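Welcome, and thanks for taking a look. Here are a few notes to read beside the structure.

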Amino acid sequence: MKLLALEARQNATYYISRYEQVVGLGADLYVLNGEGTEDFWPADRYRTAGSRSIEALIAAAKEWHAEEHFEGVFTFSESGVLAVAAVAEALGLPGIGVEAARASRNKLLMRQAHERGGAAHPHFRFVTTEAEALAAGLDFGYPVIVKPTLGAASNYVFRADDAAELRERYAQAAQGLTELSWYAMEADGLDLGPHGLLVESFLDGDEFLIEALAWDDEVYLGSIVDRVTAEGDTFDDDVHHAPTALTPAQVEAVHEVVTAGARAQGLRRSVLHAEVRFHEGRPHLVEIAVRPGGGGLDHMARISAGYDPIAAVADVARGVRPKAGHYLPTGVHTAALCLLPPASGRVAHVHVPDGLADRDDLFFLKVTAKPGDLVRRPPAGNSILGFLGVTGTSFEDAMSTAEELAAQVRADLTGPDA
C-alpha cells in the first residue's frame, strides 16, 4: 500500500501523528507539501513543491508518481481537500472529483447543494455588507450564526442574539476573513467558490459529530459522538462524549439526513465527517466534510464504536472498500475535550504533569502548541493548546476524569492579552 499525503501549505506538525497511524496500518507513506519545513517527514519519502500553486503541486506529484507508482493520494487537512481532488484527477487515481470537493469545502456551495438535494439545513444567506447581514437576521429571526465560507475549526464562527450583537460579530468575522489561516493554506490557482460570510438561522437543539463512509449507494455511520459543551456564542470549547445518547429512531433520522447531504454534495466514495444539530425535533446538517474529524474523534470512533476513520482514509484513497458497517456502539464510555489557553498571547511554556500520559484511562493526549506560538482566543481566533481524551465506566465518570486531567495542563503566556 503506497500512498501520497498532501498539503498545499504545511500545517505545522499537526498531521504527523495521523500520518504515523497510516504507517502503522502497513502503508508506505510519502508526503508532498507545497510549502513546508525541510525536516517534516523522512527525507527519502518527503518533498516540497516550493509553491502553493496547484500547477506546481500537480507537476511535483506527477514526477514522483512516475517514480513510485502511488496507489492513492489523500489529505487530513480541510484546506487540502480541493488540491487533493485536482491532484488525484491529474494522476488518474481514485478521488471524489473537483466539483464534489468544492461543494464539500465551501460552506455556501454546500448549503446550496443541500437545498437542491432536500437535505434538512438551516436557512442561509451569503452577505457582503453589514446591511445585508442585518436583513438576514430580520428575515430569519434571532439568534443567527455568522461564519466564513472557507473556514474551519470554528474560527470566526459567532452566534448573535440581536441586531447589536450581529453588527459587532459581522465586523469581527469580516476582519477575520483577512487573517483566516485555513484560507491561506489553500492551493493557489483553484476555484474555491465565494470567499466571504454566511448568515444562518440558529439550530436550537443538541449537536452530534459523525464519522461516516459513503460507498456507492450506501452511507454508513461508523461513529456518533455527542457534543456536550456548555454552549456560548463562539463555539470554541468543544467537549465530547461517546457512545451517543441518541435513540435508535433518532440514529435512523440522522442516517437519513447525512445520506441525503452526502448525495447532494456528489459524494459516491468518500470518508465523511458530518456535524448534525437537532432543530424542532429533527436533525439538520451543520456540514459534511470529506476528511476525518479532528482532535481525538478518530480514537473515540475506534474505542466507542469499533470504526477506524484513519484506516478508511487509506482504503478509500486507493479505491478499496473500507471495513465499515452501520453504527454499533461497543459500550465503552469516552470523553474528550480541547485544551484551551486562558487568553490570547504567545506561548512561553506548556506544563504537563509527570505521569499524566501514562494513565491507563488516558487514550489521547496531544499538545499542539509549542513555545513561541501565538495563540488567539475569540473573537480574534480559536487557537488551542491540544487535546485530551479518556475512558470511563459511565458518562459521569468519563466526563469528570477528562475535566480533572485537563485542568492539570496549563500554559504560561506572554503578551498584552496574557
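The points below go through some strands first and then some aromatic rings.

1. Please keep in mind that this is a predicted model.

2. A good place to begin is strand β18, residues 386-392. Six of its seven residues are buried, so the strand is largely enclosed by the rest of the structure.

3. Strand β18 has antiparallel partners. With β14 (residues 333-339) it shares seven bridges, and His-333 faces Gly-392 there. Five bridges connect β18 to β16 (residues 362-367), again antiparallel; here Phe-364 has Gly-389 as its bridge partner.

4. Elsewhere, an open antiparallel sheet of three strands runs in the order β17-β15-β19. Its edges are β17 (374-375) and β19 (410-414), each of which pairs on one side only. Two bridges hold β15 (residues 345-351) to β17, with Arg-346 partnered by Leu-374.

5. Now for the rings: there are 13 aromatic pairs. In one of them, Tyr-14 and Phe-387 have ring centres 6.2 Å apart and planes at 65°; since planes over 60 degrees apart count as edge-to-face, so does this pair. Tyr-14 sits in the loop between β1 and α1, while Phe-387 belongs to β18, 373 residues away. Phe-387 is buried, at 9% relative accessibility.

6. Tyr-19 and Phe-74 make another edge-to-face pair, with centres 6.4 Å apart and planes at 75°. This pair connects helix α1 with strand β4 across 55 residues, and both residues are buried. They belong to an aromatic cluster with Phe-40, Trp-41, Tyr-46 and Phe-76.

7. Finally, look for charges over rings. Arg-18 lies over the face of Phe-76, 5.7 Å from the ring centre, and the charged end of Arg-45 is over Tyr-30, at 5.8 Å from the centre of that ring.

Technical notes:
Residues numbered from 1 in each chain as written. Predicted model: local features only at pLDDT ≥ 70, side-chain atom pairs only at ≥ 80, totals over all residues. Heavy atoms only, no water. Buried < 20%, exposed > 50% of the residue type's maximum accessible area, 1.4 Å probe, protein only. Helix = DSSP H or I, 4+ residues; strand = E, 2+ residues; numbered from the N terminus. Pairing = 2+ DSSP bridges. Phe/Tyr/Trp six-rings, centres within 6.5 Å; stacked < 30°, edge-to-face > 60°. Lys NZ or Arg CZ within 6 Å of the ring centre and 35° of its normal.
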